[in-house]
Amino acid sequence: MVQVPLKDYSYANARVRAMSGRLLEPRVYKELLEAPDYNQTIAVLENTEYGPDIEHFMLEGARPTTIDRAFNRNLVRTFSKIKEFFMGRPEELVNALLSRWDPYNLKTILRGMRALVPKAEITRNLVPIGAIDLVTLEEIIGQPDLRASIDAMVVFGREWPIPYGQAVMAHLTDYLREHDLSILELAMDRFHYQELGKILGGGDADTALVREVVAMEVDAVNIATLMRICGLELKEARVEDFFVPGGTIRDAGEFAKIMAQGQPELVYEALSRKMPYKEALSSAWNNFEEKGESVFEDEMQKHIIRTCLKMSKDPLGIGVIIEYMWRKYLEITNLRIIIRGK
């Protein structure tokens with residue numbers, strides 16, 4: 001595979017534009033929506049670039065979980081191909097964008113193990129395109145119970161480029177006392193974004209663009225956390241255990257001031273004054289009573305997608321890669337919705 005020279009996105013962007021041409025056209029969505037039943041919907045997909053991935057898993061049956069696995073395989077193949085275009089700083093930035101899937105995969109495993117989900121089902125939901133490969137993830141899943149999986153994360157953490165095991169180990173006592181997985185999940189998030197902050201310094205435009213994406217992800221975590229914990233009595237808990245650095249909220253002190261508002265409405269108002277996401281926050285607040293704090297995470301994800309879909313202004317910059325990645329992610333998200341609906 002040809003790799004582009006340092007700071008040169010022209011070759012990769014040309015390849016990515018060709019890949020963009022293979023994204024599904026509106027007529028395909030129309031065919032999917034008009035398909036009379038589930039099997040016909042799958043038949044339409046088999047005539048797209050998802051066909052080989054669906055065929056790969058068809059021996060397991062045409063169940064929605066099987067199709068989910070096909071979608072994940074397609075996503076991994078596609079993004080892995082993009083990673084092969086680069087070396088040097090561009091490769092580092094692309095890896096930074098894809099690293100978001102590492103904590104996603106680890107959280108998926110921990111939640112699945114806690115809920116006693118079959119191990120094969122947990123594996124189907126993984127998207128191993130970050131620094132942690134599928135072999136390592138399957139080793140964690142293969143443990144006999146949740147505690148053993150957590151211990152495995154700590155052990156393997158000594159070898160990972162971003163050693164989440166250290167973060168887990170530092171908060172293991174708190175988790176064992178509370179049995180609340182959000183303690184470990186926040187610890188992983190905080191560690192993840194602190195590590196990204198170390199490699200996203202510098203003033204070049206491409207780094208700034210990746211930093212903008214990461215900052216929105218951090219804000220999404222902090223907003224959801226604040227809406228979840230506001231009004232609760234957090235015995236023996238420290239504010240810095242909940243705050244993730246790297247976003248709009250500058251430090252743990254500012255985070256604490258917003259948290260001290262107590263009531264959800266007051267926290268929402270403080271966030272609206274501070275954050276540059278008024279439309280997303282307003283939409284989330286309108287549905288907060290019905291859906292809870294998760295609606296803030298959902299609306300922030302929509303905002304991140306909308307923003308990333310407008311980042312390809314420089315034809316020779318990393319914005320072309322960012323926009324394609326999110327267009328592809330959005331395509332697969334929409335396909336999952338259609339499949340489940342059918």
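A cavity is here a set of points, on a 1 Å grid over the protein atoms alone, where a 1.4 Å probe fits but cannot get out, and its lining residues have an atom within 4 Å of a point. The structure is a predicted model, in which local features need pLDDT of at least 70 and side-chain atom pairs count only at pLDDT 80 or more, while totals for chains, interfaces and linings use all residues. Residues are numbered from 1 along each chain as its sequence is written, and side-chain values use heavy atoms, without hydrogens and water.

The whole structure holds two cavities of 30 Å³ or more, a volume being the space filled by probe spheres set on grid points joined across faces, edges and corners. The largest cavity contains about 110 Å³ of space. Its lining consists of Phe79, Leu97, Leu98, Arg100, Trp101, Val213, Glu217, Ile322, Met325, Trp326 and Tyr329. Two or more lining residues each come from helices H6 (88-98), H14 (205-229) and H20 (319-341); helices are DSSP runs (H or I, at least four residues) numbered from the N terminus. H20 gives the largest share, four residues. By class, nine lining residues are nonpolar (Ala, Val, Leu, Ile, Met, Phe, Trp, Tyr, Cys or Pro), none is polar (any residue outside the other two classes, Gly included) and two are charged (Asp, Glu, Lys or Arg).

The second largest cavity has about 30 Å³ of space. Ala96, Leu97, Ser99, Arg100, His192, Leu196, Val213, Val214 and Glu217 line this cavity. H6, H13 (181-199) and H14 each supply two or more of these residues, and H14 provides the largest share, three residues. This lining divides into five nonpolar, two polar and two charged residues.

Methods. 1 Å grid on protein atoms, 1.4 Å probe; cavity = no way out; pocket = protein on both sides within 12 Å on 5 of 7 lines; lining within 4 Å.
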